Amino acid sequence: VPFSPAAASVDARDARIMNDAKTPISELEADSDSMVSGITNYEEYLKNVAKIEDFYGKVSNTSYQLSVKLRLYSVSYAELVINSGKSFDDIYDDLDGIYDCIYDDAGDELYDGIYDGILDDMYDDFYSGVIDDAIDDYPYKEWSKVSSDAYDIWSDTSSDCYDHWSDMCSDVYDFWSDISDDYYDEGTEKAKETIADFKADIQRLSGTSS
């Protein structure tokens with residue numbers, strides 16, 4: 001996801017990163033709201049189990065893809081800063097944008113929007129909502145299996161999304177720390193080597209390495 005020339009300013013590239021982090025999450029929220037609005041009781045839940053499971057898969061995939069994209073933005077951000085032609089001190093200071101915008105702000109968006117947002121709401125709506133409300137209305141063995149399955153898929157998806165967020169934050173933090181230290185100690189060429197190494201790591205992660 002290289003930046004266009006129009007995103008050369010700090011404000012423009014930060015705005016693009018945050019927009020690209022918020023947009024897929026907003027789309028998931030809209031899809032979730034639409035789905036939940038049509039499932040107001042246990043019987044409707046049973047009729048829509050496959051649809052709900054598919055949505056959990058979509059949530060996990062979106063979380064993963066966004067975590068990869070934020071890593072790629074870290075590379076593009078670093079390349080733009082290193083090649084900006086600014087003074088040594090300005091370049092060193094501008095590298096902090098990787099931490100501020102991607103690790104901190106966009107990372108919070110990923111965590112709050114998906115792990116602590118959509119998935120928490122689905123837990124409340126389904127597992128502790130329409131399913132829990134039906135405990136006395138159906139044979140316990142049948143109800144228990146539905147309840148257990150609902151918890152398991154929620155728990156598995158939540159764990160996956162937490163890992164996507166945590167791994168991304170760890171990778172971006174390490175990259176920011178490494179490139180800042182390498183640039184400060186050894187200059188532009190060493191920083192470019194650090195960028196190339198992280199880019200190769202991302203390619204392996206996303207399955208696009210040659």
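**Entry 1. Terms and source**

I take contact to mean heavy atoms within 4.5 Å. I note that this is a predicted model, in which local features need pLDDT of at least 70 and side-chain atom pairs count only at pLDDT 80 or more, while totals for chains, interfaces and linings use all residues. Residues are numbered from 1 along each chain as its sequence is written, and side-chain values use heavy atoms, with hydrogens and water left out.

**Entry 2. Arginine 71**

I looked up arginine 71 and found it in helix 3 (residues 49–82). Helices (H or I, at least four residues) and strands (E, at least two) are DSSP runs, numbered from the N terminus. Leaving aside neighbours within four places in sequence, I list Asp167, Met168, Asp171, Val172, Phe198, Ile202 and Leu205 as the contacts of arginine 71. Is arginine 71 buried or exposed? Its relative accessible area is 3%, so I enter arginine 71 as buried. The cut-offs are under 20% relative accessible area for buried, over 50% for exposed, and partly exposed in between (1.4 Å probe, protein chains only). I also noted the C-alpha distance from arginine 71 to tyrosine 140: 47 Å in space, with the two positions 69 residues apart in sequence.

**Entry 3. Helix 6 and aspartate 160**

I turned next to helix 6, which covers residues 140–186. The expected span of a helix is 1.5 Å times one less than its number of residues. For the 47 residues of helix 6 this gives 69 Å, and the end C-alpha atoms are 67 Å apart, which agrees. Glycine 187 follows helix 6, and its phi is positive, near 90°. Aspartate 160 lies in helix 6. I record aspartate 160 as partly exposed because its relative accessible area is 35%. Aspartate 160 and lysine 51 are 109 residues apart in sequence, yet their C-alpha atoms are 19 Å apart in space.

**Entry 4. Helix 1 and serine 32**

How many residues does helix 1 have? I find 28, and the helix reaches 40 Å from its first C-alpha to its last, close to the expected 40 Å. Its buried residues include Arg13, Ile17, Asp20, Leu28 and Val36. The buried residues of helix 1 pack against helix 3 and helix 5 (96–133). Serine 32 is placed in helix 1 (residues 10–37). It has 5% relative accessibility and therefore counts as buried. Beyond its neighbours within four places in sequence, serine 32 is in contact with Phe55, Ile118 and Met122.

**Entry 5. The whole chain**

I then looked at the protein chain as a whole. Its secondary structure consists of seven helices and zero strands. The C-alpha atoms fill a box of roughly 70 × 30 × 25 Å along the principal axes. The radius of gyration of the chain is 21 Å, whereas a compact globule of 210 residues would have one near 17 Å; the quantity is taken over C-alpha atoms, and the globule rule is 2.2 Å times the number of residues to the power 0.38. I find that 39% of the 210 residues count as buried. Of the contacts with a separation of 6 or more, 78% are between residues 24 or more positions apart.
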